[in-house]
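Open the model in your viewer and keep the selection box handy. We will go from stop to stop, and at each one you will hear what to select and what to look for.

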Amino acid sequence: MDESRRDRDEEGRARNARPRDGLGRPLPYGTPGVERQPEGVVRAPGETVREAQRLLDAGMPFHAHEVFEDAWKSGPAEERELWRGLAQMAVGLTHAARGNTAGGARLLRRGATAVERFGDSAPHGIGVNGLIGWAQELADRMDRADPGGPEDGPGGVTGVGRVAAHGPVVVDAAAEAPRLRLEDRAGE
């Protein structure tokens, strides 16, 4: 590969500058894309949760993962596993929305395991136990989804998302977005 043609940031590090879609997939140069999340932003925990929830609600879990990743990298050591686990769950939802249900289920479970030790403490108002339940339930539904199965048939609809004729199950990221805060879970 011709190194002189690689995208680079201000410090000279390789950095892909291609535009991205709402699920973080690269688009061809010159194509309008979704504005990327700025990297390395240090936010207060409440701001992190609010921004990630806004992005999840908008069906942009890839971008929410980047917000969680900033918190994971900049936050106190005792909370890094919380933010890392939340980032993994957001990436799991991203993969599911892209049609990679096996990878999505795996990442949802990995993230749920990562945050287990925070379950009873509800750090920053985050409903960790509810998120663990959400991740496990969605992962289980993805595991059961069979695009060619007798319940659905080709082009049918499963409990997870729409199935293209003989294609992958695709999860609607906005419809499946979890509620991060305990206070937002009232009435569910």
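Is K73 buried or exposed? K73 is exposed, with a relative accessible area of 58%; here buried means under 20% relative accessible area, exposed over 50%, and partly exposed in between (1.4 Å probe, protein chains only).

Before moving on, a word on what is on your screen. This is a predicted model, in which local features need pLDDT of at least 70 and side-chain atom pairs count only at pLDDT 80 or more, while totals for chains, interfaces and linings use all residues. Residues are numbered from 1 along each chain as its sequence is written, and side-chain values use heavy atoms, with hydrogens and water left out.

**Stop 1: the partner of K73**

Keep K73 selected and add E69. The two form a salt bridge, with their closest N and O atoms 3.6 Å apart. The term stands for a side-chain nitrogen of Lys or Arg within 4 Å of a carboxyl oxygen of Asp or Glu. Side chains of opposite charge can pair when their charged atoms come close. Both E69 and K73 belong to helix α2 (residues 61–74), where they sit four residues apart, about one turn of the helix. Helices (H or I, at least four residues) and strands (E, at least two) are DSSP runs, numbered from the N terminus. E69 is partly exposed, at 23% relative accessibility.

**Stop 2: the largest pocket**

Now extend the selection to P38, E39, G40, H65, E66, D70 and S74, which line the largest pocket together with E69 and K73. The space in this pocket is about 170 Å³. On a 1 Å grid over the protein atoms alone, a pocket is an open set of points with protein on both sides within 12 Å along at least five of seven lines, whereas a cavity is a set of points where a 1.4 Å probe fits but cannot get out; lining residues have an atom within 4 Å of a point. Grid points are joined across faces, edges and corners, and a volume is the space filled by probe spheres set on the points.

Colour the pocket lining by class and you should find one nonpolar, three polar and five charged residues. In this scheme Ala, Val, Leu, Ile, Met, Phe, Trp, Tyr, Cys and Pro count as nonpolar, Asp, Glu, Lys and Arg as charged, and the others, Gly among them, as polar.

Pick out H65, which is also in helix α2. H65 is buried, with a relative accessible area of 12%. Leaving out residues up to four places away in sequence, H65 touches A87, A90 and V91, where contact means heavy atoms within 4.5 Å.

**Stop 3: F62**

Stay in helix α2 and select F62. At 17% relative accessibility, F62 counts as buried. Which residues does F62 touch, not counting those up to four places away in sequence? They are L23, G24, T94 and R98. Try a distance label too: the C-alpha atoms of F62 and G92 are 9.0 Å apart, although 30 residues separate the two along the chain.

**Stop 4: the largest cavity**

A90, which you met as a contact of H65, also helps to line the largest cavity, along with L56, F68, L86, M89, L131, W134, P178 and L180. The elements that give two or more residues to this lining are α3 (80–97) and α5, and α3 gives the most, with three. The cavity has a volume of about 60 Å³. Its lining has nine nonpolar, no polar and no charged residues.

**Stop 5: E51 and R54**

Next, select E51 and R54, a salt-bridged pair whose closest N and O atoms are 2.7 Å apart. Why are these two separated by about one helical turn? Because they are three residues apart in helix α1 (residues 45–57). R54 is partly exposed, with a relative accessible area of 46%. Setting aside neighbours within four places in sequence, E51 is in contact with Q37, R43 and V67.

**Stop 6: from α4 to α5**

Finally, select D140 and R109, whose side chains meet in a salt bridge (2.7 Å, N to O). This pair links distant parts of the chain: D140 is in helix α5 (residues 128–144) and R109 in helix α4 (residues 101–115), 31 residues apart. Both count as partly exposed, D140 at 34% relative accessibility and R109 at 29%. Add D143 to the selection, since salt bridges that share partners join R109, D140 and D143 into one network. If you would like to continue, the whole structure holds 10 salt bridges.
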